Amino acid sequence: MSEKTGAIEVAAKSASITEMENWLINRVAEHLSMDSEKISIHEELVLYGLDSMSAIMISGDIEEKLNVELPSTTLWDYPTIHDIMLFLKDKM
Amino acid sequence: MSVDIIKIQRPTIFDRLVAVEELEEFLKSPFDESSVVSFKKSAELDENEIFPYQEIEELHKWRYNEYYIPKQLGGKLKSFEELLFLTRSISRRDLSISITDAHTLLGALPVWIAGSEEQKQELAKEIRNSRSACLAVTERSHGSDLNANGVCAVKTDDNTNYLLTGEKWPINKATLSDILCVLAKTNDKKDSRSLSILMVDKEKLSPDTYAYQPKINTLGIKGCDISGIVFNKAVLSKNMLVGKEGAGLEITLKGFQITRTLCAGLSLGAVDTALRTTLNFVLKRQLYGKTVFDIQHSRHTLAKIFIDIISCDCLAIASSRGLHEITSQFSVWSAIVKNYIPQKVEQSIHELSVILGSRFYFRDDHDHGVFQKMMRDNSIISLFDGSTIINKHSLSLQLKFLAKKRAKSTGIELEKTLENIFSLNKEVSDIDYNKLDLFSKGNNIVLQGIEFALSKLGNLKGKNSVSPKTLSEILNLTIDLISNLMDLENKVDKLPVVESGHNLETEYFDLAQSYCKLHTAATSVFMWVYNQEELGEYFSKGEWLVLSLQRTLDSFTIYKKELDKEYLENTAKHLLTLHTEGKLFSITPFQLSN
Ligand SMILES: Cc1cc2nc3c(=O)[nH]c(=O)nc-3n(C[C@H](O)[C@H](O)[C@H](O)COP(=O)(O)OP(=O)(O)OC[C@H]3O[C@@H](n4cnc5c(N)ncnc54)[C@H](O)[C@@H]3O)c2cc1C
């Protein structure tokens, strides 16, 4: 791989990661009936009022979006959007 | 024309599950006052609110307690199908006994699911020695809101022990059990990883670190020990942690998937007796120069109730087998069973009470007043282990996924698994508890495979065992089932995303209820197509299935709602035969002691 194509791939991946992060923020905001602007990626989602079962459903949403298999309890183990994104990076 | 023969030899299920009739023989007829568990003695215990010690001791002489221990640990629990029927057998005698004793399984499941090898061996040994277990989840102030629980387990500074503090209430056997699996907070976050399960052996606790709350006076199961327990810095070795710290909620919910499925056995046992004692009455009671059974309205009502029982029976049997074959789908299946069966049975018992007239209200007349006892005892089943509402709620959350995934499925690839679940000639595979999952990822094989049922039905054309009229009715109703399912999926698609915080739109609950009906109807169809020639003439003719589909799908648009009188009469005749021969009211009518 040339340096240039490598750089393009890295840029494309980071764009898709940003897109995924935005999608996730919106998804969470929808489940919480909250304005997405008010959601910090470093805040634990449970503090916004996300309950256990909704957390499982959001991991289902992510599975569908990325077409990957995830443990149902992914959001239980990765409590912030930042943590979830770190976990998902390798899978994207 | 193809020649088809209805099997006249005994269906293999009776030999596969030989323990069911053996237990019946051991327990003898509950109508007989000298039996191990008799309606007369149960009524006395209930009236005096006395715990059924002697009955449980007798049951354990038969080694019933070993059915709570997996066979891999030297126990007798090899299939939940078998345990379902055994539970029915005890429940039809006295729900106080089955609810109390079976709670040991609920208490043990966290260990079977997530415990260490050492914990498993230890607990298996204790249960084999007739020590009993219970699961303590609920707290007075928090009920269904488990993440709000206050009982906490704090690690000691040297990291070797936990100190357990707080109250669990109301708990079945809080006072009388020897071992408890307690759901306790192990951190202060109130999130889904804040709770852990700890196994508490009371023998190992210092007596000054726990106390009991008094027995609660209850409407039913009056002899049972429904009480509370308060811990005050009770010292538990860290080896008593079951699974990982923070896995408590996950383990508890997985255990519920099994017990919610088995609750069907409690309900079906209760309704078996409620129907049997009502039949005793209607066949004896003379009015207007004939018996009450001779009155068409009574007879047809009994036939309809029997049909509803059979629909629940199909769902219960399929689910007890499904636990082994499609374990990962049980967040959906167990919610359907726990939502549908106890509710339907409550309704059936109520309808039976109308036929029994004043006898339903008397506490000692007619079969020792067993009807009113069953009615009262039965009403707890829809509440514990997650109430009807809680199950509807958890099913609601998955509806969008279920609808989307089904649209992508053809059904054909599911054939082998469907056969393993529904073909009652087959032994089920060993269950792998690791496959239990809190989310079915949109999968529900029964409704994903429903189109496949149509082709199986098509293959039955030309068989002697089923009339063309009945077969075409079944086909039409199955087509109606599918179109109503598609309609429901469209409605689900239009609903807003589920909002967090347990404040789901009411419409979700209604659609979940409808989904349960469609699922139940589909299990009846599969049960028939996979066993059509195996379970005797009445089953084979399929008239029951027409009635069952009509009744289960009554709230939907179906092509024909009016029930065929001839089918009802044939059903009443079959019911009478089962009653006279003392057989279980089931598609697999085990011989009872009567
Ligand atoms: C005889 C008996 C034996 C028991 N044995 C045990 C035992 O051995 N171990 C144990 O841990 N517990 C046990 N329990 C407790 C039992 O499981 C709880 O009572 C049950 O879970 C309901 O809790 P609650 O009564 O506090 O109702 P709450 O949780 O206070 O609920 C009240 C009502 O609120 C509504 N509601 C609640 N959540 C939702 C939701 N998500 N969506 C919509 N509506 C909702 C429902 O209408 C519900 O009925 C027992 C109870 C009884 C009566």
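Which residues are closest to the ligand? In this predicted model, local features need pLDDT of at least 70, side-chain atom pairs count only at pLDDT 80 or more, and totals for chains, interfaces and linings use all residues. Residues are numbered from 1 along each chain as written, chains are lettered from A and ligands numbered from 1 in written order, and side-chain values use heavy atoms, without hydrogens and water.

**Ligand site**

The closest are B:Leu135, B:Val137, B:Thr138, B:Ser144 and B:Asn172, among 18 residues that surround the ligand (a heavy atom within 4 Å). By class, this shell has eleven nonpolar, seven polar and no charged residues. Domain 2 (133–245) and domain 3 (252–581) of chain B each give the shell at least three residues; the bounds come from an automatic or database domain assignment.

Polar contacts are pairs of N or O atoms within 3.5 Å.

| Ligand atom | Protein partner | Distance |
|---|---|---|
| oxygen | B:Val137, backbone N or O | 2.8 Å |
| oxygen | B:His103, side-chain N or O | 3.0 Å |
| nitrogen | B:Pro170, polar backbone atom | 3.2 Å |

The protein buries 66% of the 980 Å² that the ligand exposes when taken alone (Shrake-Rupley method, 1.4 Å probe).

**Largest cavity**

A cavity is a set of points on a 1 Å grid over the protein atoms alone where a 1.4 Å probe fits but cannot get out; lining residues have an atom within 4 Å of a point. The largest cavity holds about 60 Å³ of space. Its lining is B:Glu122, B:Leu123, B:Glu126, B:Ile179, B:Met199, B:Asp201, B:Lys204 and B:Met240. Four of these lining residues are nonpolar, none polar and four charged. Domain 1 (3–128) and domain 2 (133–245) of chain B each supply at least three residues of this lining.

Definitions and conventions. On a 1 Å grid over the protein atoms alone, a cavity is a set of points where a 1.4 Å probe fits but cannot get out, and a pocket is an open set with protein on both sides within 12 Å along at least five of seven lines; lining residues have an atom within 4 Å of a point. Grid points are joined across faces, edges and corners, and a volume is the space filled by probe spheres set on the points. Ala, Val, Leu, Ile, Met, Phe, Trp, Tyr, Cys and Pro count as nonpolar, Asp, Glu, Lys and Arg as charged, and the others, Gly among them, as polar. A polar contact is a pair of N or O atoms within 3.5 Å; within protein, one must be able to donate a hydrogen and the other to accept it, and residues adjacent in sequence count only if both atoms are side-chain atoms.
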